[in-house]
Amino acid sequence: MTVTMPGYYEQFRCLASACRDNCCRTGWEIVVDEGTVDYDRSLPEPQRSRILSALGRDGEGDAFLRPENGQCPFLTEQGLCGLVLELGEEHIGEICALHPRYREWFPDRMEIGVGLCCEEAARLILSDPEPCEFVSYLTDAEEDEEPLPLYPPLLAFRDRLFETVQDRTRPLTLRWAEALRLTRTAQRAMNENRLPDPEAGPDDLAAVPTPWQTVLAALLDAHLEMETLEPTWGRTLAELRENLETLDWNSFFAALGERAYEYEHLTVYLMFRYFLKASFDGDALGRLEQTVTIAALGAWQWRQTGRFSLADQIEVARQYSKEVEYSDDNMETLAEAFLFEEALSLPHLLGLLEG
């Protein structure tokens with residue numbers, strides 16, 4: 001089996017107590033695998049009762065850590081994991097040990113990366129001015145013998161998408177537009193029960209010229225319907241929505257200059273993490289439009305302060321990912337908006353990007 005990862009993956013190191021937004025303080029419900037629960041049950045008293053008393057069960061019967069004041073009950077005042085200090089890293093839950101890393105399995109490969117919600121991961125994803133490269137190596141793990149017909153053509157299609165988005169001889173918005181057209185080509189084939197042709201040209205769907213304010217208004221309305229973890233996030237979205245007419249989209253991108261590669265990196269991250277999932281669910285178009293919202297948040301900060309540094313970009317992307325990407329309910333809200341909101345339909349998005 002092949003293991004594939006972004007070139008920056010092995011550089012990742014948890015910042016632990018130096019992290020400004022410790023993942024143990026997110027307010028997320030942290031699921032604990034049954035193997036870890038069984039180990040906790042084997043501990044001597046009173047250690048066993050103290051740890052097990054912090055666990056609850058959700059409606060599906062999965063164990064989870066009950067947060068206290070919005071954070072893990074075992075987080076120390078120094079921002080360290082009390083369970084690691086007490087039991088060792090090998091005895092914490094699988095999710096805690098893995099986060100923010102993610103893994104996806106396909107018939108002949110496993111793909112691994114780090115999630116944008118973590119500030120150190122976001123720094124690695126965004127900060128290199130060179131195009132993102134991927135590294136692969138072979139392992140002795142057995143390949144899945146069950147066929148997945150959509151996987152081979154979509155893998156080849158994704159390579160084309162990477163090449164398109166990273167073609168820096170063209171404006172970023174036109175690269176986004178062509179990537180969407182290519183993705184629609186693959187989506188149409190799947191909708192018609194055909195295998196996507198990796199050599200097929202971009203879809204020739206007619207673009208509808210659309211003011212960017214119209215698209216962003218619909219995007220923000222969808223986001224304002226979502227659940228929030230931090231009140232400041234909701235306030236930021238509301239302020240941007242209220243002041244949308246003052247936003248100077250074109251001037252922001254002009255001021256960003258060569259740093260447009262940061263949005264290129266965001267797009268490649270989303271493509272790598274999500275595009276091949278269409279091998280299972282047939283949804284190739286979902287999730288690739290999120291970069292537009294992150295760019296709007298950047299433009300709003302630039303409008304307010306007159307500056308937008310790499311550190312600002314990392315924080316905006318991290319917060320967006322934490323609030324939206326890591327919530328199944330919020331991602332479903334966004335997917336429905338792209339399906340049913342006319343201003344967010346592909347012709348309007350293409351009109352925004354190609355206009």
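**Close-up 1. Helices α6 and α11 of this predicted model run roughly antiparallel to each other.** In this predicted model, helix α6 covers residues 151-165 and helix α11 covers residues 261-274. Their axes lie 10 Å apart and make an angle of about 175°; because angles over 145 degrees count as roughly antiparallel, the two helices get that label. On the α6 side, look for R158, L161, F162 and V165. They meet E264, T267, V268, M271 and F272 of α11. Sorted by class, this contact between α6 and α11 has six nonpolar residues, one polar residue and two charged residues.

**Close-up 2. Helix α5 is mostly covered.** This helix spans residues 119-127, and seven of its nine residues are buried. Here they are by name: E119, E120, A121, A122, L124, I125 and L126. What do the buried residues of α5 pack against? Their partners are β6 (109-114), α14 (310-325) and α11, the helix that also packs with α6 in the previous view.

**Close-up 3. Helices α10 and α13 cross at roughly 85°.** Here α10 (residues 249-256) and α13 (residues 290-305) bring their axes within 10 Å. The crossing makes α10 roughly perpendicular to α13, since angles of 65 to 115 degrees fall in that class. From α10 come W249, S251, F252, F253 and A255, while α13 offers V292, A295, A296, G298, A299 and W302. By class, the contact of α10 with α13 holds nine nonpolar and two polar residues, with no charged residues.

**Close-up 4. F252 pairs with F253 and with W302.** The structure holds 11 aromatic pairs, and these are two of them. F252 and F253 sit edge-to-face, at 5.6 Å centre to centre and with 70° between the planes. Both F252 and F253 are buried. The pair of F252 and W302 is tilted instead, with 6.1 Å centre to centre and 55° between the planes. This second pair links distant parts of the chain: F252 belongs to helix α10 and W302 to helix α13, and they are 50 residues apart. Is F252 buried or exposed? F252 is buried, with a relative accessible area of 1%, whereas W302, at 22%, is partly exposed. Step back a little and F252, F253 and W302 turn out to belong to one aromatic cluster, along with W212, W249, Y263 and F308.

**Close-up 5. C14 and C132 have contrasting surroundings, and the disulfide count is zero.** C14 is exposed, with a relative accessible area of 60%. C132 is buried, with a relative accessible area of 14%. How many disulfides are there in all? The count comes to zero. As for C132, the nearest cysteine sulfur is that of C118, 16 Å away. A disulfide needs two cysteine sulfur atoms within 2.5 Å, so C132 is in no disulfide.

**Close-up 6. G35 takes its place in helix α1.** The helix runs over residues 34-41. G35 is partly exposed, with a relative accessible area of 47%. A useful partner to show alongside is I92: the C-alpha atoms of G35 and I92 are separated by 9.9 Å, while the two residues are 57 residues apart along the chain.

Definitions and conventions. Residues are numbered from 1 along each chain as its sequence is written. This is a predicted model: local features need pLDDT of at least 70, side-chain atom pairs count only at pLDDT 80 or more; totals for chains, interfaces and linings use all residues. Side-chain values use heavy atoms; hydrogens and water are left out. Buried means under 20% relative accessible area, exposed over 50%, partly exposed in between (1.4 Å probe, protein chains only). Axes are lines fitted to C-alpha atoms, for helices over the stretch in contact, and angles run from 0 to 180 degrees between N-to-C directions. Helices (H or I, at least four residues) and strands (E, at least two) are DSSP runs, numbered from the N terminus. Angles under 35 degrees count as roughly parallel, over 145 as roughly antiparallel, 65 to 115 as roughly perpendicular and the rest as oblique. Contact means heavy atoms within 4.5 Å. Ala, Val, Leu, Ile, Met, Phe, Trp, Tyr, Cys and Pro count as nonpolar, Asp, Glu, Lys and Arg as charged, and the others, Gly among them, as polar. Rings of Phe, Tyr and Trp (its six-membered ring) pair if their centres lie within 6.5 Å; planes under 30 degrees apart count as stacked, over 60 as edge-to-face and the rest as tilted.
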